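This note is addressed to a colleague who is meeting the structure for the first time. Please keep the sequence and the model in view while reading the points below.

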Amino acid sequence: MPLKKSDRIFVAGHRGMVGSALVRQLEAEGFTNLLTRDRSQIDLRDESAVAKFFAEANPDIVILAAAKVGGIKANNDYPAEFLLDNLRIQNNVICSAYQTGVRKLLFLGSSCIYPKLASQPIPESALLTGPLEPTNEAYAIAKIAGIKLCQAYAREYGANFISVMPTNLYGPNDNFDLETSHALAALLRKAHEAKTRNEKKLVVWGTGEPRREFLHVDDLGVACLLLLEKYDSPKIINVGCGEDVTIRELAELICDVVDFDGELVWDKTKPDGTPRKLLDVTRIRALGWRHTIPLREGIAQTYEWFRANHKEQ
């Protein structure tokens with residue numbers, strides 16, 4: 001059954017980077033009945049609170065973008081919280097969606113579900129074929145459990161629960177906290193602060209050699225709406241741009257956008273993480289989707305958002 005503009009669509013995690021992009025995309029396409037609740041209204045880790053919300057709101061469609069997320073440092077420092085919080089959120093939302101007859105659910109996973117040394121670009125079939133990257137293993141295992149729960153409901157009960165694996169994301173509403181942010185947001189803030197303070201050097205974690213793929217979150221929003229309309233398979237599907245850069249190239253590009261002309265210094269005592277993580281996007285492209293926002297343009301737009309919304313320390 002196709003989406004209707006009047007469908008009650010629950011976007012779990014609507015204040016986050018991904019959730020807010022999905023809300024923007026849905027509103028732009030004329031969907032008028034979006035259901036949103038922030039943490040003060042519902043704690044998605046609370047099973048009874050989630051069940052009560054679903055029984056009262058009775059959503060037709062659910063997009064599960066809520067998660068405890070963070071960069072390499074946060075994942076490495078708090079594995080128990082990353083595993084438990086994400087399992088609780090996923091289990092509660094997915095189970096309540098089935099119990100209340102939700103017509104379709106879209107679960108957002110992560111490219112970190114794939115083995116650390118997976119062949120490149122990474123096809124969906126690489127899932128569970130090798131060891132994970134240790135620094136974000138807890139988060140990855142939680143996401144894999146979410147995928148398997150969606151697939152279990154599809155196989156056992158015929159539920160139309162799909163799982164989408166985005167590559168590394170960035171854009172408006174990204175997390176710029178240096179303790180918990182991902183690489184692009186952290187580098188953007190560091191470069192901005194180094195420029196503001198007239199510093200001569202910018203210290204970056206690792207060797208700069210790992211390769212990463214970066215997708216603007218608004219491109220993901222377009223992809224998710226397409227998948228809600230056209231994709232009904234329980235098999236996971238990748239969403240990425242099909243291009244990657246080294247962390248060194250990323251740092252140089254960010255410094256150029258920010259106009260910081262100091263020296264990049266690489267702290268090789270810090271971990272690099274997975275050597276390369278580029279997704280095979282053959283399947284999503286076969287549905288007619290491609291990314292439209294070039295990396296430099298997306299970083300410049302994100303920097304404008306950061307400057308408009310970030311309070312100087």
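1. A convenient place to begin is Met165, which stands opposite Asn238 in strand 10. Strand 5 and strand 10 run parallel and are joined by 3 bridges. Helices (H or I, at least four residues) and strands (E, at least two) are DSSP runs, numbered from the N terminus, and two strands pair if DSSP finds at least two bridges between them.

2. On the basis of the note: residues are numbered from 1 along each chain as its sequence is written, and side-chain values use heavy atoms, with hydrogens and water left out. The model is predicted, with local features needing pLDDT of at least 70 and side-chain atom pairs counting only at pLDDT 80 or more, while totals for chains, interfaces and linings use all residues.

3. Strands 5 and 10 belong to an open sheet of 6 strands with parallel pairing, in the order 2-1-3-4-5-10. Strand 2 (34-35) and strand 10 (237-239) are at the edges with a single partner strand each, so one side of each has no neighbour in the sheet.

4. Is strand 5 enclosed or open to the outside? Of its 6 residues, 6 are buried, so strand 5 is largely enclosed by the rest of the structure; buried means under 20% relative accessible area, exposed over 50%, and partly exposed in between (1.4 Å probe, protein chains only). In a regular strand the side chains alternate between the two faces of the sheet. For strand 5, Phe161, Ser163 and Met165 lie on one side and Ile162, Val164 and Pro166 on the other, and all are buried.

5. On another flank, strand 5 (residues 161-166) runs parallel to strand 4 (residues 104-108), and 4 bridges join them. Leu105 stands opposite Phe161, and Leu106 opposite Ile162. Between these two strands the chain passes through helix 5 (residues 137-157), in a β-α-β crossover that is right-handed; that is, with the strands pointing away from the viewer, the path from the first strand over the helix to the second runs clockwise.

6. The pairing continues from strand 4 to strand 3, again parallel and with 4 bridges. Phe107 in strand 4 is the bridge partner of Leu64. In strand 3, Ile61 and Ile63 point one way and Val62 and Leu64 the other way, and all are buried.

7. Strand 3 also pairs with strand 1 in the parallel sense, over 4 bridges. Phe10 stands opposite Val62, and the bridge partner of Val11 is Ile63. Both faces of strand 1 (residues 9-12) are covered, with Ile9 and Val11 buried on one side and Phe10 and Ala12 buried on the other.

8. Strand 1 is joined to strand 2 by 2 bridges, and the two run parallel. Ile9 stands opposite Leu34 of strand 2. The chain goes from strand 1 to strand 2 through helix 1 (residues 17-28), and this β-α-β crossover is right-handed.

9. A further sheet should be noted. It is open, has 3 strands in the order 11-8-13, and its pairing is mixed. Strand 11 (245-246) and strand 13 (276-277) are the edge strands, each pairing on one side only. Strand 8 (residues 211-212) pairs with strand 11 in the antiparallel sense over 2 bridges, and Thr246 is the bridge partner of Arg211.

10. How many aromatic pairs does the structure hold? There are 11, where rings of Phe, Tyr and Trp (its six-membered ring) pair if their centres lie within 6.5 Å, and planes under 30 degrees apart count as stacked, over 60 as edge-to-face and the rest as tilted. The rings of Tyr303 and Phe306 have centres 6.5 Å apart and planes at 15 degrees, so this pair is stacked. Both residues lie in helix 10 (residues 295-309), 3 residues apart, about one turn of the helix, and both are buried. Elsewhere, ring pairs link Tyr98, Tyr153, Tyr157 and Phe161 into a cluster.

11. Finally, two lysines lie over aromatic faces: Lys5 over Phe31, at 4.5 Å from the ring centre, and Lys68 over Phe82, at 5.3 Å. A charge sits over a ring if NZ of Lys or CZ of Arg is within 6 Å of the ring centre and within 35 degrees of the ring normal.
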